[in-house]
Amino acid sequence: MALIKEKFKETKRVFGEWNVGAYRWKAPKGYLDEFIKALGEKKILGTLCSGCGRIYVPPREFCSRCFRKIETKTIVSNFGTLLAFLVSPPLTKGKVLIAGIDAVESGWLKEGEEIILGIVNFDGTSSKLVLPVLNVKPTDVFVGMRVRAVFSEEPKGSLSDLIGVEPAEQVKF
Amino acid sequence: MKIGIVGFYALPQTYDVEMTREESVFAAAKGALKDAGLEREDIDTVVSASSDFYDGRTISSSMLIGASGAYLKDESKAEEDGLFAVLYAIQRLRTYHRTALVVAHTHSWTFNPHKVSTFMLDPLFDRQNELLNDVTLAALQANAYMHSYRVSEEDIALAALKNLENASRNPLAFRRIVGITLDEILDSEIYSTPIRELTMAPCCDGAAAVVLAREDVIEDLSLDAVWIEGVGAATDSYIRDRDLLEMNSLGIAAKKAYEMSGINNPLDEIDFAEVNERFAYQELMIYEALKLCQKGRGKYLIRSGITERDGDFPVNISGGSMGGDSIIANGLYRLIEAAKLIKRGFGEKALVHSQWGLLAQKNIVFVLRG
Amino acid sequence: MRRVAIIGCGQTKHGRRTDINQAEMVSEAVWKAIEDAGIGIEDVEAFAVGNMQGFGGIAHPEMIFSDYIGAFGKPVQRVATGGTVGGSVAQLAYYQVASGMFDVVVAVAWEKHSDSAEPGATTGLLHVAFANLSYMFKKGLDMRSFAIMGLAGAAAGISAYQAAQYMAKSGCRIDHYDMVAAKARRNAAKNKYAHLKWPDCRPEDIAKTEMLIWPMRFGHVCPASDGASAIVLASEDAIKRLKPEKPVAWILGIAAYADEEADQGESYQGTGVLDYSAQIGCILSAKKAYERAKISDPRKEVDMAEIYAPFPHQELMFSEKLGFFDEGTAWKAVEEGITEIDGDFPICPSGGVNATNAIGSSGLQRVLECALQIMKKAENHQVPKDVEVAVAHAWGGQVQFNTVTVLSDKPKRW
């Protein structure tokens, strides 16, 4: 059975839209705001599941494994291990487009800088965070490196009060 | 291999609910498991139902795995009315799995569901016409129906009155107007003639879950079950390609469900029904498609009082969609209301119906037995 | 429980298809599959459909073209599970038939990325995390942090983090990723339906492409294709009745376990997944699917695999999780050419998802390609060895959903 269709190179276009910006969502109370408050005090907050003892960072309301609500919040260590990392090439204009805007041209990222993104597991937690690895050369970064959280000196009460991580003392032998 | 509903839970329908998606789904899933007396470990498979466009999240089930109890479980997600997820769960139960959890939700507060209905239109012609949406389309169908079969506005308003009265007594319903009168309905705001505020379902936030199991598990664990005797589903053509004067796909679906459950005369053999009538006039068309009366004579069934709460064949004792339409979860609310009534001894056999798509393009029917 | 086989396959040419719209594209695949199966539309009893509707901008599109695919009056069930939607559709169709409810079913999955105004399906992808991003902005995410997130996120999402973690654990090098990507494009050149064809692609060619963020190169990233694929499934009884002329491909066992989100929860919450490359869901799905298919030693009993790998590291990672190689050693097999089309264990002879990625269709294509190989209908990209057992795999969501399907040329293993 063949479709009867004249062969046009291109279909005609009609336009439509999906007003993505018109959506509204709810967020759990008392989790991310407390996390941010703790960042302002140079601390990292997580939630501790009373069933399995796992600590989730940033704080999570439910433990999938135990299928229960998590009530306890706890401060976790500022130290952690680098599980893996990514390195951007030296940034230039025209390469990093975020929602149509050039990130280097608008000054959010500096021209020529190499950004190292680390997958960090803070000690004692069962979660990982992706954070910039600061104050180190890309060639000196290695998997398993000990890192320490770096907080902003002037906390603004926002997520960026946790700027990233930097190398902590490595065990030398 | 028979399948039974062994547990269920539905959250009270509201608007602008003070819960996140995750919290609602978790509450529904947890509640259904508790009702069944089972733990998450006892569940073999989870089928959830949610829609990306209503939730505003591509892959809407992605961040609900933990909340729906599906962590490290064989699971899938149906993207339409929750009753289709139940159909999928039944197919799974008849194959590998012994117990299933079905959970569905929509928070209408997130985004105007009537706007989503415009996204369901054919993009080339209908969507370019800015007047078309599910309400105006319903007006077109209602007008055609009223004109062809000489159905009056009052006939339709009587169906809405019955359901709104019933809803006012239902703690799970969203729109509860105690002491509602026919005049109030006929005076309510016109959205698109003849569709009025009180003859159309109000979109709301809801989440519901059911636990299903195979007959051998039900026997082994001595669980209470409401049995699913028959199921049928069918899809119609797109709105412009079909006859809008009848719900053809519902007729096909009902026939299948009746055959499977050995029903020849639904009006006699079934005790009550829970149907999803997004617009009050649709209830009359549903009666006809379910073969409760002949084509075009739904108005007589309404006026006779047979489908009232205390009639011979009550329809929508819960208030139906007039009491609240939580979109994807709607079908599950109808199923749960019917199961509740059966367990209370209200009747032995019930019919549950839900629809999906513009002007009920898709329909699914279940026949339950206590 | 009844035995189920694929009796017909159909797919459209994948690529940037501005010559047809969604309805025409889907019906093309469906009618090809029905024709290939040698049946008529009246034999089809139900449909299983799926796509990620956000990309094409139409909500529940199968309602619009129900007549185009012959679904009028029949039940149509829709599923959507992210990248693995095609795999989920195939599994839904399997359940529809195996449960005894229907005898002959058509499963079709598709995607039309070019309908999205932004290139590369951005709106759809963005909406996976738009709610999280909105929330994070409300809580004060500055543009610099957002731009840093977008460095890896824009191109590959969490797959970039996964590539880094897999490399850290297994000890492979970025050259191995280049080798896999080159193989994908070479194989795709033999597949008339594939998108990115490059007949003599070598790893060095991939290595010359721009580095997006180490270890992810531009040459590693899959394209955003348009395409539809469809298969016809039938029960054992129906096959006896319909008597198809060509050989059929039997589905021996399936499983679809879901893991927790790999990256973050609803509102920027942490998850309990420490290792993006651990993929417990895939390991469990494979174990269960093999159990149901009565396969005890996948390495010996399986002949080839179609793995859902939009990025090359995933082919290595998942081939280990599916049990074909020991943990951390898949890259050695690539070096030795074992996974080439004429190798001992061909992986993705069709070019795989790295060369053709129409998100909805890709998962189903993996099942379809395995079926083609078993039925010896893969034409130019048919593997030379006899294929008795093939495994199709797909992942979706935050690399958390998995579907594993085991196919064979016989209805059962002893």
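**Loops, rings and helices in a three-chain model**

Student: L72(B) is found in which loop of chain B?

Tutor: This structure is a predicted model. Two elements of chain B flank L72(B), a helix and a strand. L72(B) is found in the loop between α2 (52-55) and β3 (73-78).

Student: Is L72(B) buried, partly exposed or exposed?

Tutor: The relative accessibility of L72(B) is 22%. Buried means under 20% and exposed means over 50%. Because 22% falls between these limits, L72(B) counts as partly exposed.

Student: What is the phi of L72(B), which is not a glycine?

Tutor: Most residues other than glycine have a negative phi. L72(B) is not a glycine, yet its phi is positive. The value is about 50°.

Student: I327(B) is not a glycine either; what is its phi, and is I327(B) buried or exposed?

Tutor: I327(B) lies in the loop between α12 and α13 of chain B. Its phi is positive, at about 45°. The relative accessibility is 3%, and buried means under 20%. I327(B) therefore counts as buried.

Student: Which residues does I306(B) touch, leaving out those up to four places away in sequence?

Tutor: I306(B) is found in the loop between α12 (298-304) and α13 (330-343) of chain B. With a relative accessible area of 27%, I306(B) is partly exposed. Leaving out residues up to four places away in sequence, I306(B) touches L301(B), G311(B), D312(B), F313(B) and P314(B).

Student: How far apart in space are I306(B) and K340(B)?

Tutor: In sequence, I306(B) and K340(B) are 34 residues apart. The spatial distance runs from C-alpha to C-alpha. It is 21 Å.

Student: Which residue does a cis peptide bond join to T193(B)?

Tutor: Most peptide bonds are trans. The bond in question has an omega of about 0° and is cis. The partner has its place in the loop between β5 (190-192) and β6 (195-196) of chain B. The residue joined to T193(B) is P194(B).

Student: What is omega for the cis peptide bond between V57(A) and P58(A)?

Tutor: P58(A) lies in the loop between β2 (55-56) and β3 (62-63) of chain A. A cis peptide bond joins V57(A) to P58(A). Omega there is about -5°.

Student: How many aromatic pairs does the structure hold, and what kind of pair do F85(A) and W214(C) form?

Tutor: Over all chains, there are 25 aromatic pairs. In the pair of F85(A) and W214(C), the centres are 5.9 Å apart and the planes make an angle of 25°. Planes under 30 degrees apart count as stacked. The pair of F85(A) and W214(C) is stacked.

Student: Where in chain C is W214(C), the partner of F85(A)?

Tutor: The pair crosses between chains, with F85(A) in strand β6 (residues 79-87) of chain A. F85(A) counts as buried at 11% relative accessibility, and W214(C) counts as partly exposed at 28%. W214(C) is in the loop between β5 (211-213) and β6 (216-217) of chain C.

Student: Over the face of which residue does K2(B) lie?

Tutor: In chain A, K73(A) lies over the face of Y31(A), at 4.7 Å from the ring centre. K2(B) lies at 4.5 Å from the centre of its ring. The ring belongs to W227(B).

Student: How are α3(C) and α15(C) placed to each other?

Tutor: The axes of helix α3 (residues 85-98) and helix α15 (residues 359-375) of chain C come within 5 Å and cross at roughly 55°. The contact is made by V85(C), G86(C), G87(C) and A90(C) on α3(C) and by I359(C), G360(C), G363(C), L364(C) and V367(C) on α15(C). These residues divide into five nonpolar, four polar and no charged. Given the crossing angle, the two helices are therefore oblique.

Student: How many of the residues of helix α12 of chain C are buried?

Tutor: Helix α12 of chain C covers residues 312-321. Its buried residues include P312(C), F318(C) and K321(C). The helix is largely enclosed by the rest of the structure, because the buried count is ten of the ten.

Methods
Residues numbered from 1 in each chain as written. Chains lettered and ligands numbered in written order. Predicted model: local features only at pLDDT ≥ 70, side-chain atom pairs only at ≥ 80, totals over all residues. Heavy atoms only, no water. Phe/Tyr/Trp six-rings, centres within 6.5 Å; stacked < 30°, edge-to-face > 60°. Helix = DSSP H or I, 4+ residues; strand = E, 2+ residues; numbered from the N terminus. Buried < 20%, exposed > 50% of the residue type's maximum accessible area, 1.4 Å probe, protein only. Lys NZ or Arg CZ within 6 Å of the ring centre and 35° of its normal. Axes fitted to C-alpha atoms, helices over the stretch in contact; angles between N-to-C directions. Parallel < 35°, antiparallel > 145°, perpendicular 65-115°, else oblique. Contact = heavy atoms within 4.5 Å. Nonpolar A, V, L, I, M, F, W, Y, C, P; charged D, E, K, R; others polar.
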